[in-house]
Amino acid sequence: MLVRSIESSPATIVGSNSWWRARKRSAAWRGFSCLLVVGMLLGFCTTGVVPALAQDASTEFDADQLAQSVKIYRDSFGVPHIDGPTDVSVVFGLAYCQAEDYFWQIEDSYILGLGRYSEIYGRKGLNSDLLNRAFEIVPSAQRDEKTMEPELYKLARAYTAGLNFFLAKNPEVKPRLIDKFEPWMVLAFGRQLILEMGFRYTRLTDEFMPRSNKEIWTAQAGAATQPYNEEFRQHVGSNAWAIAPSRTKSKHAMLFINPHQPWFGFGQFYEAHMRSGEGWNFTGATFFGNPMLALGHNEYLGWAFTVNEPDIADVWRETFDDPNNPLAYRYDGGYRVATEWKDTVRIKKGTKFEDKVFTFRKTHHGPIVAKENATTFLSANVAKLYEANLLRQVMKLVRAKNIDEFKAGMSLLNFQFMNTVYADRDGNIFYLYNGIIPRRETGHNWSKPVDGSSPKTEWNGYHELADLPQVLNPPSGFVQSCNSSPFTVTDDGNAHEMDFPPYMAEDKHDDKRRAKISRYLLRQMHDITFDDWQRAAFDTTLYWPLTELPRFQEEFETLQATNPTLARQAQPYFEHLLDWDCRGGNDSTQATLCYGWYEELYGFGYPAEKLKPQFVNSPEARFKALITAAGKIKALFGDWKMPWGEVYRLQRHADVADFFDIPFNDNEPSLPSPGLPGPLGVANVAYYTPSVSIPLVRSMKKHYGVVGNTYMCTVEFGPRVQGASLTQFGSSGHPDSPHFFDQAKLLSESRLKPELFYWEDVEAQAKVVYHPGEKPQAVATGAK
């Protein structure tokens, strides 16, 4: 069983589960490609236990007075620009704005962080709750709240005070579970996000699935089909580019921020602009529930994050074979004694609840997460799960004014993973393979469980910033990061694999097509303008047909001689693809046919960059697959020449946590979606639902976007910084808001909205202005 009751051995996080297997088999949606890229993104992910006095009344503040010190300006797209005299006041304002726009999602994320997801969603929340309890997320957060650095504690209090102030001022909003938010909940939420994303780095079997379904998990984490699969972690998504002054017309560096996140649920990004009287002015994005923006830019510099694969977690094989003490496990020629405890999980069952008791166990390495046999168990840990604090690092980054100050912030290494791409006003561009990577003794295979009884498998501190792969101002004049190898970041000036420990970068040989098309596009950029840069963000050039169609053309000529009947059948479809510039877009019928063919050859899902075995050595089979793909399109839509935008659509639904529950409907309004799946190798990325046909139950022919471009932002760092951005749907989660779906039109038309960064522009163009707790007041001629 996946979990065990108190009467049996300790609860294990990984194992078989017949109920879950049945649900996975019956799932209609397969292979959504996302990365919950940045779960801990950001904000207040974890906190270290540091020498400090317990917090006292001096950290309290009056919420009404704090609200009056904050001014919120909403622009024509509803994006909040938050101004306050202190960091605390601005964080309070951010919390209030997030709650105004997305309270349902904030509470949903915090319920997850409290290990109480099963109370809302039943058994499908159980795996996350068990992971939460095994790693003692709530007790550790409650404990560490008492010893937080005063500055960080004030920010945590300000954020939760902002949420509580929103509830007090809006009694019509009824929480499902949390009536009052407390600072320790911010810590619990952040740590759970790290586990939701970071536990996959253990490379344990795909039977572990934190929340939703196997398809989402595969997209997020590259779940293996077998335990300890070496390719387990290579399946993630996001794009980031930086280009040097040598390639721009203005001679200014430019940055492109492009995380690919879920469009529904807690992985969405929230865009905001924050200005503090204590010294920073920053615009960017973060997850709902985080008290600080985590990626974006100030007037001097900016950065993007994309998921990478540093070895930040390990698994130890623990042996419990002492007949006199079932908690004794072997270590260094003797025994140590594990800790065991019980915890109760409340599970929703229809309109009732079941309280189920589980037994948990931990060694000095970490909690037990799997059972191999009667005496052998696996423990696991994630680097600095409790010690790291991303907020500590981000607060330095948002104030940085140059590359040295930015590196000093990154050198704190309070962020477990994520590639970092950077550009600044001084013309620097920079790539960092960031990660909290333990130092390990060589001679062990750290990609698999190591011997927990040997002191030689202990971690020996952590690698410093200087130890990590990085590229600063390469001769090529650009860097890109698309979840690929840190050694193919650019054309000239890359770091070298042999200079780093073999365990450091587990994606060192992974050069995805998104990275290849990025290098292709970037190396062609000369004297580009900021308008060019924005258009490049939506580029739909497809690497797969660009490189494969010439080879297929040679095979087709051979096929005409060896199997003319098959060649005649395939000819109209193949010639249609040859009559193409290999670009997608809403009007492209070739893109629709191309992707249909690609799915037949490579499969539906992510990363889907390996040809299925039956097609590897059979050109005839490959052209039969093209005929099959065209037939499927015609069967669904009546014509095999279907414009991409008529088939692939944008449609939004509110307050949906599970992808299975999104009520997409061909009869409801939707917009064309020009993004294409990343495995084809493309800059403009989106992933879609498959068609669904369940007789008498549901029919859905069109494909709807669920993952892809979330927060898109292009920046030019001149003497006066300029930016353009969007979020995939809009700034509000309320269906009756004009900002529920207004930015989807921008995404559909492949254009960004201009940023309002300088405060005189914010005031001049604000549509409403108000203090938290007040009714927004319309501004006709600009708020002063």
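## Helices, a mixed sheet and nonpolar cores in a predicted model

All 16 of the 16 residues of helix α8 are buried, so this helix is largely enclosed by the rest of the structure. The model under discussion is predicted. Helix α8 covers residues 183-198, and its first and last C-alpha atoms lie 23 Å apart, close to the 22 Å expected at 1.5 Å a residue.

Helix α14 (residues 543-562) invites the corresponding check of length: its 20 residues should span 28 Å at 1.5 Å a residue, and the end C-alpha atoms are 29 Å apart, which agrees. The two helices are set out below.

| Helix | Residues | Number of residues | End-to-end C-alpha distance | Expected span |
|---|---|---|---|---|
| α8 | 183-198 | 16 residues | 23 Å | 22 Å |
| α14 | 543-562 | 20 residues | 29 Å | 28 Å |

Helix α14 nevertheless has a kink of about 40 degrees at Leu549, shortly before the proline Pro550. Leu549 also belongs to the buried residues of α14, which are Trp544, Pro545, Glu548, Leu549, Phe552, Glu555, Phe556 and Leu559. The elements that cover these buried residues include α12 (513-523), α15 (564-578), α16 (589-602) and α18 (619-637).

Turning to the nonpolar cores, the largest has 147 residues, of which Tyr110, Phe135, Met274, Trp303 and Phe406 touch the most other members. Helix α3 (residues 87-113) supplies the largest share of this core, with 15 residues. Leaving aside residues up to four places away in sequence, Tyr110 touches Tyr159, Ile178, Phe181, Met185, Val186, Phe189 and Gly289. Another core, of 80 residues, lies apart from the largest one; among its members are Leu549, Cys582, Tyr595 and Trp644.

One open sheet contains 4 strands in the order β14-β15-β9-β18, and its pairing is mixed. The edges are formed by β14 (368-371) and β18 (450-451); each has a single partner strand, so one side of each is left without a neighbour in the sheet. Strand β9 (residues 313-319) pairs with β18 in the parallel sense over 2 bridges. Trp316 has Val450 in β18 as its bridge partner.

For the protein as a whole, there are 21 helices and 31 strands. Of its 784 residues, 64% are buried. Among contacts between residues at least 6 apart in sequence, 70% join residues at least 24 apart. The accessible surface comes to about 27700 Å², and carbon and sulfur atoms account for 49% of that area.

Definitions and conventions:
Residues numbered from 1 in each chain as written. Predicted model: local features only at pLDDT ≥ 70, side-chain atom pairs only at ≥ 80, totals over all residues. Heavy atoms only, no water. Expected span 1.5 Å × (residues − 1). Buried < 20%, exposed > 50% of the residue type's maximum accessible area, 1.4 Å probe, protein only. Bend = angle between axes of the 7 residues up to and from the residue. Contact = heavy atoms within 4.5 Å. Pairing = 2+ DSSP bridges. Core = buried A, V, L, I, M, F, W, Y, C linked by side-chain atoms within 4.5 Å. Areas by Shrake-Rupley, 256 points an atom, 1.4 Å probe, with all protein chains shown as cover.
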